[in-house]
Amino acid sequence: SLSVVMERGMGDEAIAMEVEQNAHNDTIPIEVEAPKEPPKIRRLDDSVINRIAAGEVIQRPVSAVKELIENSLDARSSSINVVIKDGGLKLIQVSDDGHGIRHDDLPILCERHTTSKLSKFEDLQSIKSMGFRGEALASMTYVAHVTVTTITSGQLHGYRVSYRDGVMEQEPKPCAAVKGTQIAIENLFYNMTARRKTLQNSADDYSKIVDLLSRFAIHHINVGFSCRKHGATRADVHTVPTSSRLDAIRSVYGVSVARNLTKVEASDNNPTSSVFDMKGFISSSNYVAKKTTMVLFINDRLVECTALKRAIEIVYAATLPQASKPFVYMSIELPSEHVDVNIHPTKREVSLLNQEVIIEKIQSEVELQLINSNETRTFKEQLVQPSSSVPTGAKRDSCSASLAPGSATSVPKSQKVPVQKMIRTDALDPAGRLHAYLQVKPSTQVEHNASLNTIRSSIRQRRNPRETADLTSIQELIEDIDSSCHSGLLDIVRGCTYVGMADDFFALLQYKTHLYLANVVSLSKELMYQQVLRRFAHFNAMQLSDPAPLPELIMLGLKEEGIDADCSENADLKQKIVEVPTFALCLSDMLQGPQLTRGSGRDCAFGRRSVAGEWGLKLQAFGHEGVGVCKGL
Ligand code: ADP
Ligand code: MG
């Protein structure tokens, strides 16, 4: 395969030169415009400024609901009820039992930048409340009609007052009121035709609002939440204050979600790397969904963090491919001076100190949990495996593996499927295997499976890195592989079921109704070659009890390729082989340096044209990863 590498490389260079030539031929005509007077700069009207800003804070009905709920939480409420009409476009009403708003504050309540939560910029560093910008209520009055009813403790009656464009429409009117504040937003975006039109599909926003309430409800478990459509008697979200997070999740997301969750925790208290404390729940292998649900609170703020979500999804895809869209609830606490809450107008995102370190720590904790839980699960299945499975034409569902031993005869016979259409679905199924008569005794089988599981999980752990090495040469070789991939064959390799070894070289595989003989030696070579490329510069170190005799291994490798290094005319080659171990050591040091991994493959000593470099590749393949890959097969 090494000679192929060199030929491929040459071809690429030829292409590169061609591209360069073409680039020189391209000339782009530049249009020269006649000089014009610069346009005049005007000062915008306040009403225009405010409406533009409002459109940013209140992007859609759900953003208004979020602001109102956050205000209610800031007011230390223990019950928050939401009513929605027409997806929030007609009416959003949020009632709470918080501390209420003082009569004297009502005149400036909805002016821009009026807040009770912040007085000087420095306070932002230690702010605990959700709000601080004093913009939410003001923004709503610029794009909707806002009515506030509120009462503070000790008062005989409350007040009701309406606002438009930041100002009170008339003096607050005394009225009857229950404890707390009720805010009604009517005719949202009445003065923004385009926005209103794009939001006509009201069902869509109602589901977003229900989703939002659900998220708040499972985090703020000491607050009761409800959300319903106007006129409906049943609430779509309804929780009561509780002390158990799992109970809250159960009442919002249902028993089927809560049943399949495991606790996950991670923390660090090292000021030089990261300081954080994470507690959460993640779904196990039995939770299967179409998309990931990630509920993330950082210092009690509902936020999104795409990087963390992606990192967790990657772990799931590698560890539980069948359950690769998880349910995740996480609450991360950090010192408030490590979080910048002021990077997004709707406060949807925050920026963290040492974000990468934190994500990595959480990722490995999640991975650990999954591997552990997955092992126990597989192990249980293995215990009852031997007599439970029968090759059938129908798809078996995953729970069939839990059938009691001896119950094989009671499996409903789907014998309507003709024998020649039967498909093997399980490689571990002894029935129909070539060496079925070689069945090991059950007790050793269990032990054997347990050790297999350990190997499997350690291999799983060594999944391919997210990014391949940033070397042009490696990238080009990978592109070569990708572009010459045969899709039909790929499907077969991906979807086949192992039947047994036909002889020392050929394995019998079944794919759909066809049987294939696969040359395991070539297949393994190709697999290792591709693995080496994808993991290049990301290999795990492996300690051998005795140092590998590199020169001898190289000799062996060369002999296999038909090159005899012992021949007298190959003295030069022999000398090089002797030097390889030292060279390989230098390389491994060099590759850890950032300047090389980021550089171009052509510039560095480890370019593919360097003979020793190629040997390095090959040695890695057989000496290190080769072991894992072979066992994996
Ligand atoms: P911010 O939350 O950023 O301070 P808002 O415009 O959302 O700005 O609210 C302005 C102020 O109105 C808040 O600082 C708070 O004092 C008061 N307020 C808003 N909603 C409520 C509520 N539900 N209960 C009590 N006070 C409220
Ligand atoms: Mg607010």
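On the surface of this predicted model, a nonpolar patch is formed by Leu44, Val48, Ile49 and Ile52, whose accessible area together comes to about 340 Å². Of these residues, Leu44 has its place in the loop between α1 (2–25) and α2 (46–57).

Two packed helices are described by the angle between their axes and the distance between the axes. For helix α3 (residues 61–74) and helix α4 (residues 136–143), the axes come within 10 Å and cross at roughly 145°, and the crossing is left-handed. The residues that make this contact are listed below by helix.

| Helix | Residues in the contact |
|---|---|
| α3 | Ala64, Glu67, Leu68, Asn71 |
| α4 | Ala136, Leu137, Met140 |

Sorted by character, the residues of the contact between α3 and α4 comprise 5 nonpolar, 1 polar and 1 charged.

Side chains of opposite charge can pair when their charged atoms come close. Across the whole structure, a search finds 14 salt bridges, among them the pair of Asp74 and Lys117, in which the closest N and O atoms are 2.8 Å apart. Because Asp74 lies in helix α3 while Lys117 belongs to the loop between β2 (91–96) and α4, this pair ties together parts that are 43 residues apart in sequence. Helix α3 thus appears in two of the features described here, contributing Ala64, Glu67, Leu68 and Asn71 to the contact with α4 and Asp74 to the salt bridge with Lys117.

How values were computed
Residues are numbered from 1 along each chain as its sequence is written. Chains are lettered from A and ligands numbered from 1 in the order in which they are written. This is a predicted model: local features need pLDDT of at least 70, side-chain atom pairs count only at pLDDT 80 or more; totals for chains, interfaces and linings use all residues. Side-chain values use heavy atoms; hydrogens and water are left out. Axes are lines fitted to C-alpha atoms, for helices over the stretch in contact, and angles run from 0 to 180 degrees between N-to-C directions. Helices (H or I, at least four residues) and strands (E, at least two) are DSSP runs, numbered from the N terminus. A crossing is left-handed if the near helix is turned anticlockwise from the far one by less than a right angle, and right-handed if clockwise. Contact means heavy atoms within 4.5 Å. Ala, Val, Leu, Ile, Met, Phe, Trp, Tyr, Cys and Pro count as nonpolar, Asp, Glu, Lys and Arg as charged, and the others, Gly among them, as polar. Patches are made of residues with over 30% relative accessible area and no salt bridge: like charges are joined within 9 Å, nonpolar side chains (Val, Leu, Ile, Met, Phe, Trp, Tyr) within 5 Å. Accessible areas come from the Shrake-Rupley method with a 1.4 Å probe; for residues, only the protein chains shown count as cover. A salt bridge is a side-chain nitrogen of Lys or Arg within 4 Å of a carboxyl oxygen of Asp or Glu.
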